Amino acid sequence: MVMTDSPPPSDRSNATQSGPQGLVLALFRPVLFACAAIGLSIGLLVFFHHGAPVVATAPTPQSETAAVTLPDPEPAPLITAQDFQGFQPAGPGQPATTPGQPSQQQQQADAEPPASDRYELTLRLEKGDTIEKMLADINVAEADRKQVDEKLQEILKKRKIAIGETITLQVQTMADQPDAPRVLSLSVRPQPEHEYLITRKDDGSYSGEEKIYKVTTRIVRVEGTRHGSLQQSGVSAGAPSAAMIDFIRALSYDVDFQRELKEGMKFTVLLEQLVTSDGKITHPGRLLAGELFLTRNVVTIIRYRPAGGADGFWTPQGESVIRSFLRTPMDASHITSGFGMREHPILGYSAMHTGVDFGAPMGTPILAAGNGKVMMAGFNGGYGLYVKLQHTADIGTGYGHMSRLGPGIKPGVSVRQGQVIGFVGATGMATGPHLHYEFYRAGHPVNPLAQKFAMRAAMSGKDLAAFKAMTQRYQGQLKNAPQITTPPANTAADARQPGTPQAPQVASGR
Ligand SMILES: [Zn+2]
C-alpha cells in the first residue's frame, strides 16, 4: 500500500518526458488532439479549453466544456444485399472515367484511333473568374464561348459555380484555325452525383444537360498492419483518415494504446463507400466495423443505431464502447494512493482511504467522471476545496483538494462527462497537489477503479437481436468483403487529414 498522499516529483516526470513517451505521444497525436480533456498534454487541454473548442459535439450548456461526449455521427444508411451487387474492385482493368467524359463519349473515343488534336483540360475557377473569361484565356472563339456560357447559365439556373471548382473541358484543335481550339464539351461537377454538362452538337451549336447520378453503397474492407501511428497505418493501407479516427476513438475505451498496441499488429476495417451510378466514389468510406488483433485478444467494434437511439459503436456483445464513467477523472495522472486501509500521511494512524489519489501537477484540470448534477462545491474540512456530483440516484462522485473550482461550478448546475469541474490543488489535508477521487454507490464510498458495473449502455430485446444478426454479417464481411489496398484517389469527402486538430474526443481508458 502506498503511504504518501502526494507523488514524488520523479514519478511525475515519467508521464510527461519526451523520449519513448514522446514517441508514444507522437503515435497517438490524432487521438490526443481529439481528446482535449484527456490528452497527455495539459497545455493542449488548456489551449483547447480556452481557445477554439475542438469538441465536435452538439452544443453544450457550458462553453467551457472540454467534453468527452462523442460527436453525433452521420446517420447510417441502411445496408442491404444490394450493396454487394455490381461491385467491382477498382483496378487497372477498369477504364478510368473522369467527370468530363461521359461513358458514351468514352466509348466513342475508345472505338476511334485517338486523335492527337483532341485533349482534355482541367481548369480551376479562380477568384473573379467567369467561364467565359476562362475560355477566352485558352483562346476559344468568341461565338463559341458565348454559347457555352449561355447554355451553362441556363442549366445552372442561377446557381453559382464556387471559386476553386474544377472545370473539365474536352477540346479539339482544328487544322484550319490552330490557335482557336474548339470546345467539344465542358463539365462542372460540384457534387459527385451532380454534373452540369455542355456538349457540342454536329451542327456546331451547344446543348446543356444537368446529369444526376444515383448514389449507392458498396462495402469494402481494408487490412492493415500497424507501423507507427495507427491512423496513418490505416490511411497507408487505403482507409480514409476519418474512418481511422472513428476506429481509434471506438477502441480507446478498451485498448491501452501505450501498453497493448505493438508494432506489426494487424487490423481490419469494414467501410461503406458511396458510389455514383457512373462509378465515382463520393464518400471514401464510413467505418462500419473494425477489428484490432492484440497479442492475446481481438477487439471488435461494430457501428449500430438502436431504435430511437444514437448511432454509435458497440462491442459484439451489444454493449456500447462508451463508458458512462471515466476511469480516471483527469489525464497526466497516476495513482499515488489506492482505495482501502492505509496509514494516513498526515494523521499518522491507520484509516480507511475512501477514494483513490491521483498525483498530478497543481492546476491540472479535473473532469466530471460522468453526466450529473453538482451537489456540493466548496470547502469541506480535510477534503479542502471539494466537489460532489450526483450522476444517478445511486451513483455519486467526489473530488477533493482542489486549488479552485471549474468555471460555473456551483451547487445545482448540471455537468457533462469530461467537463472541467475544478483544478488540482493541495487544499485541506494534503501533503502535495493531488486529486482525491471518491465513488459512491447508495451513499457509500466504493473503489472507483473496481466499478466496472453499469459502465456501459447495453442493448436488449429486438435491438439486441437485430444487432447480433448485423454483427454476424459484419464479422463475415471483415474477412470476405472486397479488399481495397490503396488509398482512394477521390478523398474530397474525407476532409480530415492526419495531424489536423479536428479529431473527435476520446476518453482514454487508463
Ligand atoms: Zn485521498
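**Strands, cores and a two-faced helix**

Strand S2 (residues 166–172) and strand S3 (residues 182–191) run antiparallel and are joined by 6 bridges. One of the residues involved is Leu 169, whose bridge partner in S3 is Leu 186. Like everything described here, this pairing comes from a predicted model.

Zooming out a little, S2 and S3 belong to an open sheet of 5 strands, laid out in the order S1-S2-S3-S4-S5 with antiparallel pairing. Strand S1 (118–124) and strand S5 (206–212) sit at the edges with a single partner strand each, so one side of each has no neighbour in the sheet. On average, neighbouring strands of this sheet are turned by 15° against each other, direction ignored. Helix H7 (residues 142–156) lies across S3, strand S4 (194–200) and S5, and runs at about 35° to S5.

As for the chain as a whole, the protein has 11 helices and 24 strands. Of its 510 residues, 39% count as buried. Take the contacts between residues at least 6 apart in sequence: 67% of them join residues at least 24 apart.

Next come the nonpolar cores. The largest has 38 residues, and those with the most contacts inside it are Ala 239, Ala 243, Met 244, Phe 247, Val 269, Leu 270 and Leu 271. Helix H9 (residues 241–251) gives the most to this core, putting in 8 residues. Another core, of 29 residues, lies apart from it, with Phe 325, Ala 360, Val 374 and Leu 435 among its members. Back in the largest core, Leu 271 makes a good example of what such a residue touches. Leaving aside residues up to four places away in sequence, Leu 271 touches Val 220, Arg 221, Val 222, Ala 239 and Ala 243, and also Gly 285, Arg 286, Leu 287 and Leu 288.

Helix H9 also holds Arg 249. Arg 249 counts as buried because it has 25 C-beta neighbours inside 10 Å, where 20 or more are needed. Ile 322 is 73 residues away from Arg 249 along the chain, yet the C-alpha atoms of the two are separated by 9.6 Å.

Helix H11 (residues 461–480) is where the two faces come in. This helix has 20 residues and reaches 29 Å from its first C-alpha to its last, close to the 28 Å expected at 1.5 Å a residue. Its buried residues are Phe 467, Thr 471, Tyr 474 and Gln 477. These four cover an arc of only 130° around the axis, which means they are on the same side of H11. The spacing fits a general rule: an α-helix has 3.6 residues a turn, so residues three or four places apart point the same way. Over on the other side of H11, the exposed residues are Lys 462, Ala 465, Ala 469, Gln 472, Gly 476, Lys 479 and Asn 480. And what do the buried residues of H11 pack against? Their partners are strand S6 (215–225), strand S7 (266–276), strand S8 (281–293), strand S9 (298–304) and strand S10 (312–314).

Strand S15 (residues 356–359) tells another story about sides. Val 356 and Phe 358 point one way from S15 while Asp 357 and Gly 359 point the other way, and all are buried. S15 pairs with strand S22 (residues 434–441) in the antiparallel sense, over 4 bridges. Within that pairing, Gly 359 stands opposite His 434 in S22.

Definitions and conventions
Residues numbered from 1 in each chain as written. Predicted model: local features only at pLDDT ≥ 70, side-chain atom pairs only at ≥ 80, totals over all residues. Core = buried A, V, L, I, M, F, W, Y, C linked by C-beta atoms within 7 Å. Buried ≥ 20, exposed ≤ 12 C-beta atoms within 10 Å, placed from the backbone. Contact = placed C-beta atoms within 7 Å. Pairing = 2+ DSSP bridges. Axes fitted to C-alpha atoms, helices over the stretch in contact; angles between N-to-C directions. Expected span 1.5 Å × (residues − 1). Arc of directions from axis to C-beta.
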